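Reader: Could you take a close look at one part of this model for me? I'd like to hear about the charged patch on the surface, and then whatever else helps me find my way around.

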Amino acid sequence: MNLHSGSPFWRVKNSLFEHTDQLEKDLITEVLIIGSGITGALVAHELCNAGIECVVADKRAISGGSTVASTAQLQYEIDVPLYKLAKKIGEKKATSAYEASLQSIADIKVLVDDTGIKADFEYIPTLLLASNRIGLRRLKTEFEIRKKHNLPISFFTSEKLKQDYHIDGHGALWNNTSAQIDCYKTSTNLLAYHRKRHHLKLYAYTEIISYEKLEDGFIAKTQKGLTIRCKYLVIATGFEASRFLPKKIMKLISTYALVSQPLSPDQLWTDRCLIWETRQPYLYLRTTSDNRIMMGGEDIPFKNDRLRDAQMERKTKILERKFHRLFKDIPMVTDFTWCGTFSSTDDGLPYIGEFNEKNRFFALGYGGNGITFSMIAAQLIKNKILGKKDNRETLFGFDRTKGS
Ligand SMILES: Cc1cc2nc3c(=O)[nH]c(=O)nc-3n(C[C@H](O)[C@H](O)[C@H](O)COP(=O)(O)OP(=O)(O)OC[C@H]3O[C@@H](n4cnc5c(N)ncnc54)[C@H](O)[C@@H]3O)c2cc1C
């Protein structure tokens, strides 16, 4: 499947990562990471820093999957609101999942600072708008439970929204803990950093077509018949992980995005905050370092890439219309459009950890905040390999769906 179509902005803005080496001979390593998107890059980062030898192999160009199409907002909000997640898995676990998500934004910032890589990381607030009265009621319930658990959150009345943001609305939730990055830049720069510093072996256009379990590890086979022997296997193949999984754990979704021509900074909204709305299908907004507006949403169930792509023009028009309804005075003109596929899970949580086989780890950051989940996956897998206990495994592991 094509994970995206059209012109993803990071692909246009950044030059193509120049590393195109393919695997040319059999290899032996400690850890094989399948997938060089933001998840594979973060796993490689954690392992390299812990002194664990690893190899990254990708069937496409490096970070050329969903990572290049991502609008890359980092928020502690999970797809399923806390009050709903609490009903599904209990209040304590649900709060822990939100806290882990919050922590991972701070951890990404530390990573960017420690490595010095260019990532266009920027802390920026989030404004979650109530689209109607039902949305407002839900936001109030969400506000109460987040307040109860000391999660960062404020409630804005419609008057405050109008006064501070010039938005006509019913009310909103606000917090200043979120961030935005350039996902492709972060991923490729991180991989380049560890190639240089830790001699990370990185292979593009190298598809892992199968693997066998050995007594002391695994032997993976590429499309050219070459082999990589490893003690641990990390599957960071994003939304194409189903070939490695015996059961269906995700629903695929088609999503649409666009970026505007650059504006002058004073034409953008207050704080340049990330904006989401409660309505389904939703609209979300962010800005870029060169003063463009990036927006997305209009999600629909994914059937195949041809049907997804056929909707691109129509969905772009809807996104534009929704934007102009929200900000009547901002002269937004579309420059690039694209669409992609991502996936969601029933509880909005990722799948991270071992499944059915020891030393084979999945790093599947599914959902709208895939990137924060990728950070959690990287830390959790490193801890598992080092034999350290990590309580997040019970929250995000496969066992939570046992019997389903
Ligand atoms: C339009 C859009 C907007 C989004 N916005 C956000 C957002 O605002 N915030 C957020 O957190 N998330 C967002 N997401 C989700 C986020 O982009 C993903 O969670 C993230 O990019 C997934 O990274 P990944 O490394 O797991 O997957 P990918 O980037 O897809 O990387 C997986 C890699 O595995 C490779 N691969 C697959 N199978 C094999 C194989 N057999 N052998 C070798 N290689 C293989 C693929 O080629 C691919 O490069 C968005 C997604 C889309 C499409």
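Author: Here's a walk from the positive patch to a few other spots in the chain. A quick note on the ground rules: this is a predicted model, so local features need pLDDT of at least 70 and side-chain atom pairs count only at pLDDT 80 or more, while totals for chains, interfaces and linings use all residues. Residues are numbered from 1 along each chain as its sequence is written, and side-chain values use heavy atoms, with hydrogens and water left out.

Now the patch. Lys84, Lys87, Lys88, Arg137 and Arg138 form a positive surface patch. Patches here are made of residues with over 30% relative accessible area and no salt bridge, with like charges joined within 9 Å and nonpolar side chains (Val, Leu, Ile, Met, Phe, Trp, Tyr) within 5 Å. A salt bridge means a side-chain nitrogen of Lys or Arg within 4 Å of a carboxyl oxygen of Asp or Glu. Lys and Arg count as positive and Asp and Glu as negative, with His and the chain ends not counted; the charge is placed at NZ of Lys, CZ of Arg, CG of Asp or CD of Glu. Areas come from the Shrake-Rupley method with a 1.4 Å probe, and for residues only the protein chains shown count as cover.

Helix 4 (82-89) and helix 6 (133-148) each bring at least two residues to the patch, and helix 4 gives the most, with 3. Helices (H or I, at least four residues) and strands (E, at least two) are DSSP runs numbered from the N terminus. Lys84 sits in helix 4 and is partly exposed because its relative accessibility is 39%; buried is under 20%, exposed over 50%, partly exposed in between (1.4 Å probe, protein chains only).

Follow helix 6 onward and you get to Asn150, in the loop between helix 6 and strand 7 (154-157). Asn150 has a positive phi near 60° without being a glycine, and at 70% relative accessible area it's exposed. Asp271, in the loop between strand 14 (251-260) and strand 15, is another non-glycine with a positive phi, about 65°.

For a buried spot, try Val234 in strand 13 (residues 227-235): its relative accessibility is 0%, so it counts as buried. Its C-alpha is 7.2 Å from that of Val31, although the two are 203 residues apart in sequence. Beyond its neighbours within four places in sequence, Val234 has contacts (heavy atoms within 4.5 Å) that include Val31, Phe361 and Ile381.
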